[in-house]
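The following exercises concern a predicted model. Please examine the sequence and the structure before reading each solution.

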Amino acid sequence: FQLGKFVNQYANRNNLKEITENHWEEIKNKLNLRQDGLSNIEHNILKYLKVNGQSTLSKLSGGLQLSPNATRIGFESYLLANGYIEIIAPRGRKLTGKGFNYINDNLD
């Protein structure tokens, strides 16, 4: 997910030197970003893992109706890098304490 690149393109396309709160709201809507900055799909990954516990990439991506590559590269990498999930070989992905706290506070 290349948020910085998209914001830069948005600013260039609209001849903006500064991104206002209204611009940011429009960007978030276009990218399906939640108030907390996660995408809807990233949020759904966390919800899926909360409900289903540990999951392989195949089960996780199938449960979300995404390809394994889209799940791993497009969404899972951000969650891993920011400590929301971890991979326990060979059993698969699971929520961290941070992931549990996040999803319990954002169950919508």
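**Exercise 1.** Determine how the axes of helix 3 and helix 6 are oriented to each other, and which residues meet.

*Solution.* The two axes, of helix 3 and helix 6, come within 10 Å and cross at roughly 105 degrees. Angles of 65 to 115 degrees count as roughly perpendicular, and helix 3 and helix 6 are therefore roughly perpendicular to each other. On the side of helix 3, the residues in contact are His43, Leu46, Lys47 and Lys50; they meet Phe100, Tyr102, Ile103 and Asn104 of helix 6. Sorted by class, this contact has 4 nonpolar, 2 polar and 2 charged residues.

**Exercise 2.** Identify the residues that touch the most other members of the largest nonpolar core, and the helix that gives the largest share.

*Solution.* The core has 14 residues, of which Ile45, Leu46, Leu49, Leu79, Tyr84 and Ile85 touch the most other members. Two or more residues come from each of helix 3 (40–52), helix 4 (57–64), helix 5 (68–81) and helix 6 (97–105). Helix 3 gives the largest share, 4 residues.

**Exercise 3.** Establish whether Glu76 and Arg93 are buried or exposed, and where they lie in the chain.

*Solution.* Glu76 forms a salt bridge with Arg93, their closest N and O atoms being 2.4 Å apart. Glu76 lies in helix 5 and Arg93 in strand 2 (residues 92–95), 17 residues apart, so the pair links distant parts of the chain. Buried means under 20% relative accessible area. Glu76 has 2% and is therefore buried; Arg93, with 10%, is also buried.

Technical notes. Residues numbered from 1 in each chain as written. Predicted model: local features only at pLDDT ≥ 70, side-chain atom pairs only at ≥ 80, totals over all residues. Heavy atoms only, no water. Core = buried A, V, L, I, M, F, W, Y, C linked by side-chain atoms within 4.5 Å. Buried < 20%, exposed > 50% of the residue type's maximum accessible area, 1.4 Å probe, protein only. Axes fitted to C-alpha atoms, helices over the stretch in contact; angles between N-to-C directions. Parallel < 35°, antiparallel > 145°, perpendicular 65-115°, else oblique. Contact = heavy atoms within 4.5 Å. Nonpolar A, V, L, I, M, F, W, Y, C, P; charged D, E, K, R; others polar. Salt bridge = Lys/Arg side-chain N within 4 Å of Asp/Glu carboxyl O.
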